[in-house]
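Here is a walk through one protein chain, written for someone who would rather look at the model than read a table of angles. Keep the structure open and turn it as you go.

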Amino acid sequence: METGYDETRAQTTNSFIRKILLSSLLVYFMILNMKSGLLETALLGVLLAILALILVWKPEYVIRRGPAAAFSVVILIGTLSYWIMYVLGGNTYFVIFFLIGWSTYRLPQAYSAAYTLLNIAVSVILWFIQEKQSVESVLAQCMVLTAVYLLLWAGRLRRETRMMKEEHLKELTTAHQQLETAYSRLRQAHEELEETSEQALRYAVLEERSRIAADIHDSIGHGLTSVIVQLQALPYMIEASPEEAGKTLRNVTEVARECLQDVRTVVHEMGLPRHSEGILELKNMAVSFSEQNGLPVSFAADVQGKIPSEQIYVLYRVLQEALTNILRHARATRAEVVLSGTKDGIVMSIRDDGQAEGPVSPGFGLSAMKARCGKAGGALRIEPLLPHGLEIRAELPMKSEPLKPITEGNESYAP
């Protein structure tokens, strides 16, 4: 940045020096015309010097009106110069060269070339006809004017080339700075993305742990609750009916084996398969629950279309946890499960006639059910029934296209 500032300051200084030099020469020739002794020559010389000084110090006053207007001003000043030099006998030869140089540097090439040719033509006419000079002398003067124009035009090309290089350098510098800024922002975004990815990974681990804990509670907790209840009743059954006690013992053994299998599945597969369960599995759970625990459960399903396996999994876990809570806490004599489908979604209602009265404080199981329904885009509602009992209502949005209707009639299952 400092180098660019120094270069700009040097260019400004050089331009100022050139203007001072040109102004000094113009003033010098104005003084020469004033010493000629003719008032008309002196006054026109002063006017010519003032016009030329305007071109030196304030060229924008002429250029901003367009190249044609500037060309006309240059012709006017040149005509005045020739008038003073050839008619009044003044000395304005330097002004003629100055005008060629000014038009070459300030005007488009067509205008500057036209002005130079016009000067050559006027010089030929005046030198050859009025001054009666030889052909060689006239040709020499024309070659001088042409050489001056070509030299000045080459200088203009070098200046424009330098300015283009400087402009390209500025553009490259700006682009480089923009690339550095973009790279810095990209690196910052990359760091933020890495940090976000790490946080997302941690969250995914925590979420997976929570899911595994919920799966263990839903599957193994359900089976072990059934085992505990039957083992508590086993001493009384042995005294009352040894055969019934043996049957219960075999049932407890089978449930324990299923719990062991669930543990192995959770450990090795990190969760039960989610794509093999359907409405039949929901009904079989109700049947199995009734047979194992002696609590009648009715199941009814009326769904228009196929329920996605992910939603079936959620409903399966909700029903499993709800039946477990009924067995452990409700002291109910019966329960019913109703699965229905509407155009908006799937609704599963689990009701019991237990001892629940008033609001229910959700524990780990109910919280897990709410979380499952929430992740599936639905909701879980828990409402007490009158005069007593509880209804757990799982509502999930319908995500599949309607297929042929599936209807399961009302059935009651009892041991």
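Of the 415 residues in the chain, 36% are buried. Keep in mind that this is a predicted model. The chain has 11 helices and 6 strands. As for how it folds back on itself, 72% of the contacts with a separation of 6 or more are between residues 24 or more positions apart. On the outside, about 25,000 Å² is exposed, and carbon and sulfur atoms supply 61% of that area.

**Pocket and cavity**

Start with the open space. The largest pocket has a volume of about 870 Å³, and the elements giving two or more residues to its lining are α1, α2, α5 (93-106) and α7 (135-240). The lining counts 25 residues, and S15, R18, Y105, R106 and R159 are the ones nearest the centre. Which helix gives the most to this lining? That would be α7, with 9 residues.

Now for the enclosed space. The structure holds 1 cavity of 30 Å³ or more, with about 70 Å³ of space in it. Two elements, α1 (2-34) and α2 (39-57), each give two or more residues to its lining. The largest share, 4 residues, comes from α1. The residues lining the cavity are L26, F29, M30, N33, G45, L48, A49, N91, T92 and V95.

Here is how the two linings divide by class:

| Lining | Nonpolar | Polar | Charged |
|---|---|---|---|
| Largest pocket | 12 residues | 5 residues | 8 residues |
| Largest cavity | 6 residues | 4 residues | no residues |

So the pocket lining includes 8 charged residues, while the cavity lining has no charged ones.

**Two helices up close**

Helix α5 has come up already as part of the pocket lining. From its first C-alpha to its last, α5 reaches 20 Å with 14 residues, close to the 20 Å expected at 1.5 Å a residue. Is α5 mostly covered or mostly open? Mostly covered: 10 of its 14 residues are buried. Those buried residues are F94, V95, I96, F98, L99, I100, G101, W102, S103 and T104. V95 is also one of the residues lining the largest cavity.

Further along sits helix α9, residues 279-293. Its 15 residues should span 21 Å at 1.5 Å a residue, and its end C-alpha atoms are 21 Å apart, which agrees. The buried residues here are I279, L282, K283, M285, A286, F289, S290, Q292 and N293. One bit of helix geometry helps when reading a list like that: an α-helix has 3.6 residues a turn, so residues three or four places apart point the same way. I279, L282, M285, A286 and F289 are among the buried residues to pick out as you turn the helix. Just after α9, G294 takes a positive phi of about 70 degrees.

**Backbone oddities**

G294 has company. R331 also has a positive phi, of about 55 degrees, although it is not a glycine. R331 lies in the loop between α10 (309-330) and β2 (335-341). Is R331 buried or exposed? With a relative accessible area of 66%, it counts as exposed, because the cut-off for that is over 50%.

Then there is the peptide bond between L386 and P387, which is cis, with omega at about 0 degrees. P387 belongs to the loop between β4 (379-384) and β5 (390-397).

**Distant in sequence, together in space**

Two pairs of residues are worth finding on screen. The first starts at A356, in the loop between β3 (345-352) and α11 (364-375). A356 and G389 are 33 residues apart along the chain, yet their C-alpha atoms are separated by 5.1 Å. Setting aside neighbours within four places in sequence, A356 is in contact with H388, G389 and L390. Its relative accessible area is 21%, so A356 is partly exposed, given that buried means under 20%.

The other pair begins in helix α7, where A213 is found. How far apart are the C-alpha atoms of A213 and A368? They are separated by 9.4 Å, with the two positions 155 residues apart along the chain. A213 counts as partly exposed, at 35% relative accessibility.

Note on methods
Residues numbered from 1 in each chain as written. Predicted model: local features only at pLDDT ≥ 70, side-chain atom pairs only at ≥ 80, totals over all residues. Heavy atoms only, no water. 1 Å grid on protein atoms, 1.4 Å probe; cavity = no way out; pocket = protein on both sides within 12 Å on 5 of 7 lines; lining within 4 Å. Points joined across faces, edges and corners; volume = space filled by probe spheres on them. Nonpolar A, V, L, I, M, F, W, Y, C, P; charged D, E, K, R; others polar. Expected span 1.5 Å × (residues − 1). Buried < 20%, exposed > 50% of the residue type's maximum accessible area, 1.4 Å probe, protein only. Contact = heavy atoms within 4.5 Å. Areas by Shrake-Rupley, 256 points an atom, 1.4 Å probe, with all protein chains shown as cover.
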